[in-house]
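Colleague: Please take one helix of this model and look at it closely. Then set it against the rest of the protein.

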Amino acid sequence: MCKKLSLLALIAVVFLLIAFNFSPGLAAKYYSEQTDFTETFVPMTRHSWDKDDIESCVYKEDGVDNAYYVWTKLSVQKWRQALQEYTGNQEDWNITARFVESDAELESCDIKIYIYDKYSDFPDYPAQTGAYTSMTFKDGAGGQEENNNFDLRIYLSPLVLHGDGKTEINLPSYAFRNSAVHEVGHVLGLGHMQLQKGYLMSPHFDFWETNEQLPITTLELDALVKAYGTDGFR
Ligand SMILES: [Zn+2]
């Protein structure tokens, strides 16, 4: 009898735990509230999208572990999910990421993402020794500015160079993922914070001080909603 009761109690507790964990609206899953208000807005880049569906493609060099591709794809998905959840609009914000076999295949994609096995393979090495995004504006045929007339490439590597110019750093997974989410933030139109550390869009990451993944927060989402509204990238 006693056993039966405690079993019932256990079932009730388990049920409550499940109900509690799965009740919608309890907590945001894909973004966090801004907690550091030292800076209150994110500067924007010069470009902004005017497109319903943005396709990013990921090319990785031979020898780069597949996990880095998966983390890169997840970082793109993270922005989509955060924007959809924040705006309550599950239909729009369609930014996707897929794998391509060769760097030539990247050319037809809206966002071209390269994962090299080391920073010295970056096309802009030695000026660039850590993850970065390059943006160039294409010339409009009639000198007229066209929509989406920019070329965006993200360069990532698990192996980067410390600011001291000589220490090579094999990024822990959270740091690689932080830099991928940061670079996708640039691609969406977010610039850098002032020289303040700790924000997702801070110019420098402290791989040793923060050993976790930085969340996308209402600070970055507010900035994107100000630029695009709530109906996606158009
Ligand atoms: Zn940056």
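Modeller: Helix α3 is mostly covered, with 14 of its 16 residues buried. Across the protein, 31% of the 234 residues count as buried. Keep in mind that this is a predicted model.

Now the length of α3. The helix covers residues 173-188. At 1.5 Å a residue, its 16 residues should span 22 Å, because the expected span takes 1.5 Å times one less than the number of residues. The end C-alpha atoms of α3 are 23 Å apart, which agrees. After α3 comes G189. The phi of G189 is positive, near 125 degrees.

Next, the setting. The protein has four helices and seven strands. From the N terminus, the order of elements is α-β-α-β-β-β-β-β-β-α-α. Contacts in the protein reach far along the chain: among those between residues at least 6 apart in sequence, 75% join residues at least 24 apart.

Two other helices give a worked case of packing. Helix α2 spans residues 66-87, and helix α4 spans residues 218-228. Their axes come within 11 Å and cross at roughly 75 degrees. Angles of 65 to 115 degrees count as roughly perpendicular, so α2 and α4 are roughly perpendicular to each other. On the α2 side, the contact is made by A82, L83, Y86 and T87. On the α4 side, L221, L224 and V225 take part. By class, this contact of α2 with α4 has six nonpolar residues, one polar residue and no charged ones.

Methods:
Residues numbered from 1 in each chain as written. Predicted model: local features only at pLDDT ≥ 70, side-chain atom pairs only at ≥ 80, totals over all residues. Buried ≥ 20, exposed ≤ 12 C-beta atoms within 10 Å, placed from the backbone. Contact = placed C-beta atoms within 7 Å. Axes fitted to C-alpha atoms, helices over the stretch in contact; angles between N-to-C directions. Parallel < 35°, antiparallel > 145°, perpendicular 65-115°, else oblique. Nonpolar A, V, L, I, M, F, W, Y, C, P; charged D, E, K, R; others polar.
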